[in-house]
Structure formats: C-alpha cells, structure tokens
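Me: I would like to learn how to read a structure such as this one, feature by feature. Could you take me through it slowly?
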Amino acid sequence: MRYIVTGAAGFIGSHLSEALLAEGHEVRAIDSFSDFYDPTLKEANTAAFPVERLDVADEPLDARGFDGIFHLAGQGGARGFGDSLSAYLRLNVLAAHRVFEAAASAGVRVVFASSSSVYGDAEAYPTPESTVTAPLSPYGVSKLAAEHIGHAYARAFGLDLVVLRYFSVFGPRQRPDMAFARVALALTLHRVFDLYGSGRQTRGWTYVSDVVAATVAAMAGGSGIYNVGGAVEVSLREVIEHFERLAGRPLQVRERPAAVGEQPRSNADTSRIRAELGWSPQVELADGIEAQWGWASELAGRGA
C-alpha cells in the first residue's frame, strides 16, 4: 500500500512510519520540523527513513495515487489561551482542513489523530466516545474543531474518515515537554523536575507501539470515532516512583501550581475499538517505562 504520514518526524508519527515501512508499505513521510521543540530531536527520530519537509497548513498536498493518509501533524502541548491560540488554529484546524480537502478530492481514506482533550473534565470514567465533548484548553478546542470539519467533509464530499482520540501515550521519542520525558530526562541529567499540581492527577497511560497498532488497524477497517488508550491508569507520583527505581536515586521535585485547563483524571473506555477492530494494549507499564528510560539515558549520553 502507499500511505502519507503527516507529522512523521514526531513522537507517534516516527514510530508509525517505521512500522508501516517494516510491513513493506510505501510511505511518503511529511513533517514541517516546527520549532515547538528542538528540531534535532525530530531529525534523530527519522534517521531510518527520509522525510519531506512540508507544512500542510501552508503548502498544497497532492494525495492522488495513495491508499490512505495518517494525519498526525499538529501543535501539541497544553498552553493557555492568548497568543498561542493562533498557532493551534493554524496547525491543528487549518492544516486538518487542507488535508481533508486533499483527501476528499483524491478519494483517499484518512485516519485523523485527535485527542482525549476534546472531552475536557469528562462526565464519566473510563470515558466512552459518546461522552459530551467540553474541551478546557485551546489544544482540545482545536482538535474538536478539526473533528467537526472532517465530519462535515464526510457528509458533504464523501470523505472516508476515521477519528482516533489518543489518550496519554508514552515511550521513546516522547516530546520533551511531556511528563514521562521530563521525569526521565530530569533524572538522567540531574535536573530539577517541575511538578505541576499535586501529582495525584491520573492518566490511562498506553505505550506507543500499542497506539501505532491501533492506528494501523483503523486504516484497515472501522469507521467513526475510537478512543485509543486505557492500558493502565496511574498517577504521576506513581510514574515518578517507577523511574526513580530505575535511576537508583530520588527525583528533585519543585512543586508548581496546576496548569490551567488540565484534567484531574483521564482514562479511555476502549470497548468500541476492542469490539470492532480487535485491538487491545499489550505492553505493561513497567516494561514501557524501562524502554523510555533506556532512550532517555542514551539521549543524555549524547549531551541532550
């Protein structure tokens, strides 16, 4: 098969691209290499395959001749409202619109990476796809807006679209602003870790290879919206303890106020994806943390 992967130099995108190539597919890997974090990390992510530098928010995307698009490109993070909102609108909403337009014109199936952030402070845990969406952050708002644009294209132009709402994903290559990566790098580099909130907030953590498997399965079949996550729900304090055992020393913690718009709890009800696509997470939390610790240690050895 011939696939386009946007955001191919990022955390999940690079793992997805490698998995598709390993299965013998042809991959057109695309990334804008934005400066949201150090682009050299993205270059390291893509050492095993070529990447085309393209910003789909600004430049045309030709999807003719491809069998599917995995649209993972976008602005991540949990920044507040204000000047950052324009970046979320351009990189998450406008970029998705342009990808959907290209896919609809070419008759190409799209798997769109959305987020659990669309639920906000959800009314039920674990959270099913039927939960009322009420995002609390610009990121969540932008992802939900992109979902709505995709559904509008599906109704108006027959776009073949599957939406995946990723919950908390961890593993090697995780963005340096994300919790697991910050803990691991703080320990390897003997730095202070800024803990936002009590650390008692919980997430349903899922290892990146399991998320990639769900993403590939969604391209092969299924329709509508699927939650991806729910491997194990633990607090950030418990995660820190796992890393401390691997490091053999305590983490230096500096407590900070909770981030605006942060959900106190997040975990996926994955009944739908399990029943319809036969997917379930396979990697245990401890094994995934050990793999991420090895990656962070190697990164620190290179002088990160």
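Reply: Gladly, and please keep in mind from the start that this is a predicted model. We can begin with the sheet and then turn to single residues and a pocket.

Me: In what order do the seven strands of the open sheet run, and is the pairing parallel or antiparallel?

Reply: In general, the strands of a sheet pair through backbone hydrogen bonds, and the pairing may be parallel or antiparallel. Here seven strands make up an open sheet with parallel pairing, and their order is β3-β2-β1-β4-β5-β6-β10. The edges are β3 (52-53) and β10 (224-228), each of which pairs on one side only. At one of these edges, β2 (residues 26-31) is joined to β3 in the parallel sense by two bridges, and Ile 30 has Glu 52 in β3 as its bridge partner.

Me: Which strands do helices α4 and α6 touch where they pack on the sheet?

Reply: Helix α4 (residues 138-157) touches β5 (109-115), β6 (161-166) and β10, and its direction makes about 155 degrees with that of β5. Helix α6 (residues 208-220) also packs on the sheet, in contact with β1 (2-6), β4 (68-71), β5, β6 and β10, and its direction makes about 165 degrees with that of β6.

Me: Now a single residue: is Ser 17 buried or exposed?

Reply: A residue is called buried when its relative accessible area is under 20%. Ser 17 has 0% relative accessibility and therefore counts as buried. This residue sits in helix α1 (residues 11-22), and its side chain reaches the backbone oxygen of Gly 13 at 2.9 Å. Beyond the residues up to four places away in sequence, Ser 17 touches Val 5, Ala 8, Val 27, Ala 29 and Phe 49.

Me: And what does Leu 195 contact, leaving aside its neighbours within four places in sequence?

Reply: Leu 195, which is found in strand β8 (residues 192-196), is in contact with Leu 236, Arg 237, Val 253, Arg 254, Glu 255 and Arg 256. Leu 195 counts as buried because its relative accessibility is 0%. The C-alpha atoms of Leu 195 and Ala 179 are separated by 9.0 Å, with the two residues 16 apart along the chain.

Me: Finally, how many residues line the second largest pocket, and which are closest to its centre?

Reply: That pocket holds about 180 Å³ of space. Its lining has 12 residues, and Leu 41, Ala 44, Asn 45, Arg 173 and Trp 295 are the closest to the centre. The elements that contribute two or more residues to this lining are α2 (39-45) and α9 (285-301).

Conventions:
Residues are numbered from 1 along each chain as its sequence is written. This is a predicted model: local features need pLDDT of at least 70, side-chain atom pairs count only at pLDDT 80 or more; totals for chains, interfaces and linings use all residues. Side-chain values use heavy atoms; hydrogens and water are left out. Helices (H or I, at least four residues) and strands (E, at least two) are DSSP runs, numbered from the N terminus. Buried means under 20% relative accessible area, exposed over 50%, partly exposed in between (1.4 Å probe, protein chains only). A polar contact is a pair of N or O atoms within 3.5 Å; within protein, one must be able to donate a hydrogen and the other to accept it, and residues adjacent in sequence count only if both atoms are side-chain atoms. Contact means heavy atoms within 4.5 Å. Two strands pair if DSSP finds at least two bridges between them. Axes are lines fitted to C-alpha atoms, for helices over the stretch in contact, and angles run from 0 to 180 degrees between N-to-C directions. On a 1 Å grid over the protein atoms alone, a cavity is a set of points where a 1.4 Å probe fits but cannot get out, and a pocket is an open set with protein on both sides within 12 Å along at least five of seven lines; lining residues have an atom within 4 Å of a point. Grid points are joined across faces, edges and corners, and a volume is the space filled by probe spheres set on the points.
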